[in-house]
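Visitor: I have a protein model open on my screen, and I would like to learn how to read it. Could you walk me through it?

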Amino acid sequence: MSTTLRPSDAARTETERVVLPRRGRRRAPAPRRPGLLKFGYWWWALPGILFVIGIHYVATSIGGFFAFTNWTGIGAFELIGLDNFVKIFQDPTKLGALGNTLFLAFGSVILSNILGLAFALGLNRGLKSRYVLRTLFFMPVVLSPLATSYIWKFIFDYNGPLNLALRGVGLGNIARAWVADPTWAIWTVLVVLVWQNIGFAMVIYMAGLAAVPVEIEEAAAIDGANLWQRFWHVTLPSIRPAVAIATTLGLVNGLRVFDQIMALTGGGPAAATETLATQVYKQSFALGNFGYGAALALLLTLIILVFAVVQQRVTAGRSEES
């Protein structure tokens with residue numbers, strides 16, 4: 001009995017038949033059961049969903065509940081209604097902490113956004129060293145706020161490098177203990193915040209500038225617009241979403257400032273640098289007034305929530321205009 005070989009099979013040797021796969025149609029894989037696969041996806045996501053619900057929502061809700069109690073962290077507690085919030089707005093120290101919080105938030109967001117936008121515009125050009133400069137300017141963002149704040153505390157010390165430099169140029173009368181001065185302590189915190197947030201704003205603005213068409217700027221230049229006119233009428237309107245995002249995120253970070261203050265001043269001198277975040281920590285863990293601390297934390301959360309909602313509204317409105 002003889003077997004007739006096809007020309008393609010005849011051209012292949014015995015070794016090729018064993019080593020090389022046959023050319024032809026491949027069998028389609030067996031279809032999977034979509035119901036079981038989707039069910040498996042839900043099981044994989046379930047631990048993460050439970051973790052988010054437990055940490056973010058359940059814990060926040062419990063903390064919000066204790067804001068209306070006089071709980072000390074140990075033992076029983078009583079519901080006291082809005083007494084904690086009335087006490088907050090009747091305490092000059094807490095009102096000062098609220099003012100410091102808003103001052104640091106708005107001051108840091110204004111300065112860091114202006115400087116971040118300036119650096120982004122400068123590094124958006126064809127500089128040979130732009131990649132190195134971007135890394136150097138962004139590096140403070142990824143460094144530990146606590147560690148860098150201790151370095152800044154050494155710089156602002158009475159015998160630190162800043163005062164030594166001032167004395168060296170004949171300005172010794174300006175030298176002072178910056179972090180121990182009630183007038184200047186809040187400004188030292190602001191300097192550290194701005195220094196650490198410039199790189200974050202710069203990255204956001206660089207992403208926005210990358211989406212601006214070069215042809216529009218070239219057309220404006222041909223029409224006779226100078227550098228400032230091109231920036232104000234062409235570049236800035238094109239990066240409005242980036243401005244909204246950088247501003248809102250900067251405000252949220254400024255409202256939550258804690259590490260820099262605890263490292264630089266600890267809230268002093270004479271409560272000159274106290275914020276809502278530092279007061280939450282001191283009332284809850286140092287003094288044991290967990291109910292009062294929860295009320296301060298809830299107030300801070302509501303302020304942050306207001307800015308987050310405003311950011312969503314502004315971003316959505318400007319996206320529709322675009």
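Guide: Let us go from the whole chain to single residues. Keep in mind that this is a predicted model.

Visitor: Which secondary structure does the chain have?
Guide: The chain holds 15 helices and zero strands.

Visitor: And how many of its residues are buried?
Guide: Of the 322 residues in the chain, 32% are buried. The accessible surface comes to about 20,700 Å², and carbon and sulfur atoms account for 67% of that area.

Visitor: Where on the surface can I look for a nonpolar patch?
Guide: Look at Ile49, Phe51, Val52, Ile53, Ile55, Tyr57, Val58 and Ile62, which make a nonpolar surface patch of about 730 Å². One of them, Tyr57, sits in helix α3, residues 34-66. Tyr57 counts as exposed because its relative accessible area is 55%, and the cut-off for exposed is over 50%.

Visitor: Now a residue at the other end of the scale. Is Asn163 buried or exposed?
Guide: Asn163 has 0% relative accessibility, so it counts as buried. You will find Asn163 in helix α8, which covers residues 161-168. Its side chain has a polar contact of 2.9 Å with the side chain of Trp178. Leaving out residues up to four places away in sequence, Asn163 touches Asp157, Tyr158, Ala175, Arg176 and Trp178.

Visitor: Arg176 is in that list. Which residue forms a salt bridge with Arg176?
Guide: The partner is Asp181, with the closest N and O atoms 3.7 Å apart. Arg176 counts as partly exposed because its relative accessibility is 26%, while Asp181 counts as buried at 18%.

Visitor: How many salt bridges are found in the whole structure?
Guide: The search finds three. Lys94 pairs with Asp91, where the closest N and O atoms are 3.0 Å apart, and Lys94 is buried at 6% relative accessibility. Lys282 and Glu274 also meet through their side chains, at 2.4 Å from N to O. Glu274 is buried too, with a relative accessible area of 5%.

Visitor: How should I read a pair of aromatic rings?
Guide: You need the distance between the ring centres and the angle between the planes. The whole structure has 16 aromatic pairs. Trp228 and Phe231 form a tilted one, 5.7 Å from centre to centre with 40° between the planes.

Visitor: Why are Trp228 and Phe231 about one helical turn apart?
Guide: Trp228 and Phe231 are three residues apart in helix α11 (residues 227-238), so about one helical turn separates them. Trp228 is exposed, with a relative accessible area of 56%, whereas Phe231 is buried at 16%.

Visitor: Which residues form an aromatic cluster?
Guide: Phe65, Phe66, Trp71, Phe77, Phe258, Tyr281, Phe285 and Phe290 form one cluster.

Visitor: Those numbers are spread along the sequence. How far apart in space are Pro145 and Val257?
Guide: Their C-alpha atoms are 9.9 Å apart, although 112 residues separate Pro145 and Val257 in sequence. Pro145 belongs to helix α7, residues 145-155, and counts as partly exposed at 27% relative accessibility. Beyond residues up to four places away in sequence, Pro145 touches Gln196, Asp259 and Gln260. For the chain, take the contacts with a separation of 6 or more: 66% of them join residues 24 or more positions apart.

Definitions and conventions
Residues are numbered from 1 along each chain as its sequence is written. This is a predicted model: local features need pLDDT of at least 70, side-chain atom pairs count only at pLDDT 80 or more; totals for chains, interfaces and linings use all residues. Side-chain values use heavy atoms; hydrogens and water are left out. Helices (H or I, at least four residues) and strands (E, at least two) are DSSP runs, numbered from the N terminus. Buried means under 20% relative accessible area, exposed over 50%, partly exposed in between (1.4 Å probe, protein chains only). A polar contact is a pair of N or O atoms within 3.5 Å; within protein, one must be able to donate a hydrogen and the other to accept it, and residues adjacent in sequence count only if both atoms are side-chain atoms. Contact means heavy atoms within 4.5 Å. Patches are made of residues with over 30% relative accessible area and no salt bridge: like charges are joined within 9 Å, nonpolar side chains (Val, Leu, Ile, Met, Phe, Trp, Tyr) within 5 Å. Accessible areas come from the Shrake-Rupley method with a 1.4 Å probe; for residues, only the protein chains shown count as cover. A salt bridge is a side-chain nitrogen of Lys or Arg within 4 Å of a carboxyl oxygen of Asp or Glu. Rings of Phe, Tyr and Trp (its six-membered ring) pair if their centres lie within 6.5 Å; planes under 30 degrees apart count as stacked, over 60 as edge-to-face and the rest as tilted.
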